[in-house]
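Subject: Structure for you to look at

Dear colleague,

I am passing on the structure below, and my notes on it follow. Please read them with the coordinates open beside you.

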Amino acid sequence: MAEELTVTHRNKRLGNGFTKIPHVVILGAGASKAAFPNGTPGGLNFPLMEDLVEVVGLAELLESSGTNYQGENFEVVFSRVAGDPQKVRLKRKLEEQIFEYFSRMQLPPELTIYDKLILSLRDKDVIATFNWDPLLLYAYRRCGNYFQSKHFGISMPQILFLHGNVALGVCVDDSTLGPMDSTCSKCQRRFKRVPLLYPILKKDYILDPVIKEQWDRLRYHMANAYFATIFGYGAPVADIEAVRLMKEVWDRNPRRELAEIEIIDIASHDTLKTRWERFIVREHYRTCVSIERSYSFQHPRRSVESFFDCFLQNSPWPENPMPDCRSFEEMANWLAPLLVEENRCLAASS
Ligand SMILES: [Zn+2]
């Protein structure tokens with residue numbers, strides 16, 4: 001008997017050959033700002049480079065050392081400080097204060113955009129963030145803990161930290177990474193901080209082994225991705241090397257001719273097209289102003305499969321948008337049929 005494809009069935013299915021092809025999501029400062037538009041509990045706001053001095057409260061430090069900063073982007077100010085051998089102490093103090101500011105951030109109890117983004121992807125997918133704030137990592141941990149507490153297996157995307165992260169710890173001896181407040185699974189010792197990469201023009205992405213590993217993994221996935229989402233990342237001047245590293249592997253991607261670039265940003269369509277045109281092939285791109293309209297929120301956990309069917313098989317799937325809910329329980333109930341199908345496929349293939 002021919003299999004009848006009901007709407008629900010089609011939105012669940014796996015197995016059109018693109019089941020292992022990654023969806024890569026890149027997050028910049030605008031993503032955290034969009035995820036927490038009113039700041040974090042406790043009233044901490046997310047700075048952009050334009051207002052970082054003011055938001056993090058660095059003015060006093062800069063003024064006391066006679067450093068000009070008024071009207072300048074923090075990238076410019078910090079690059080100047082970092083290049084001045086007389087200001088080594090100031091540079092260290094600025095770094096400490098930035099680290100301390102982001103370390104104080106906490107998640108609100110309800111589901112956030114970061115929780116939903118994590119739950120909208122699977123373990124073949126990647127979320128790579130340029131942000132120092134800990135909230136993506138905290139969201140990742142609590143999503144995993146929630147499903148574990150319900151004894152429900154869930155495949156989760158890989159999370160990468162391209163400029164380091166205040167909540168990420170490392171055990172150098174065992175080459176393990178984990179949240180700063182936990183311990184190494186091999187030697188049980190507390191993790192040590194990973195370095196943060198600050199905004200200077202010549203950032204070195206291979207000097208530190210942790211950062212290098214994060215980049216190696218991003219580059220591997222970008223060279224194989226079929227869908228790339230850039231959320232709130234403006235490719236600032238100080239990230240010229242980061243953009244070059246991504247472009248280099250994107251050009252090698254055998255699927256690049258067909259792959260889609262999705263840009264989520266409040267800037268105009270034309271600005272975004274110009275900003276990312278080196279990555280875009282013909283008209284294979286889309287823009288939207290909010291993550292809720294993004295492809296993975298419309299086709300959660302099946303973005304690559306549904307995109308493949310739509311554009312290569314001319315057989316579009318009906319949208320299956322994530323519910324606009326704020327409770328983990330409600331979201332877990334909604335996701336359950338998708339997870340059941342994934343676990344069934346996993347069991348069948350093992
Ligand atoms: Zn260890």
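In helix 13, which spans residues 303-311, the buried residues are Ser303, Val304, Glu305, Ser306, Phe307 and Phe308. Please keep in mind throughout that this is a predicted model. The partners against which the buried residues of helix 13 pack are strand 1 (23-27), strand 7 (227-231), strand 8 (260-264) and helix 12 (295-298).

The loop between helix 13 and helix 14 (328-349) holds Asn314, a residue other than glycine whose phi is nonetheless positive, near 50°. Asn314 counts as exposed, because it has 7 C-beta neighbours inside 10 Å and the cut-off for an exposed residue is 12 or fewer. A second residue of this kind is Ala235, which is not a glycine and yet has a positive phi of about 50°. Ala235 lies in the loop between strand 7 and helix 10 (240-250), and with 18 other C-beta atoms within 10 Å it is partly exposed.

The packing of helix 5 and helix 6 comes next. Helix 5 (residues 74-82) packs with helix 6 (residues 88-103) at an angle of about 140°, and the axes of the two are 8 Å apart. That angle makes helix 5 oblique to helix 6, since only angles over 145 degrees count as roughly antiparallel. On the side of helix 5 the contact is made by Phe78, Val81 and Ala82, and on the side of helix 6 by Leu90, Lys91 and Leu94. Sorted by character, the residues of this contact comprise five nonpolar and one charged, with no polar residue.

Helix 6 can also be described on its own terms. Its 16 residues reach 23 Å from the first C-alpha to the last, which is close to the 22 Å expected at 1.5 Å a residue. Which residues of helix 6 are buried? They are Leu94, Ile98, Tyr101 and Phe102, and, seen down the axis of helix 6, the buried residues fall within an arc of 90°, so they line one face of the helix. The face turned away from that buried side carries the exposed residues Val88, Arg89, Arg92, Glu96 and Glu100. The cover over the buried residues of helix 6 includes helix 3 (52-56), helix 4 (59-64) and helix 5. Leu94 thus appears both among the buried residues of helix 6 and in the contact with helix 5.

Two arginines complete these notes. Arg219 sits in helix 9 (residues 209-222) and counts as partly exposed, with 18 C-beta neighbours inside 10 Å. Leaving aside residues up to four places away in sequence, Arg219 touches Leu245 and Val249. Between Arg219 and Glu248 there are 8.7 Å in space, C-alpha to C-alpha, although the two are 29 residues apart in sequence. Arg141, for its part, belongs to helix 8 (residues 135-149), and its 19 C-beta neighbours inside 10 Å make it partly exposed, because a residue counts as buried only if 20 or more other C-beta atoms lie within 10 Å of its own. From Arg141 to Thr129 the separation is twelve residues in sequence and 16 Å in space, again taken C-alpha to C-alpha.

With best regards

Key. Residues numbered from 1 in each chain as written. Predicted model: local features only at pLDDT ≥ 70, side-chain atom pairs only at ≥ 80, totals over all residues. Axes fitted to C-alpha atoms, helices over the stretch in contact; angles between N-to-C directions. Helix = DSSP H or I, 4+ residues; strand = E, 2+ residues; numbered from the N terminus. Parallel < 35°, antiparallel > 145°, perpendicular 65-115°, else oblique. Contact = placed C-beta atoms within 7 Å. Nonpolar A, V, L, I, M, F, W, Y, C, P; charged D, E, K, R; others polar. Expected span 1.5 Å × (residues − 1). Arc of directions from axis to C-beta.
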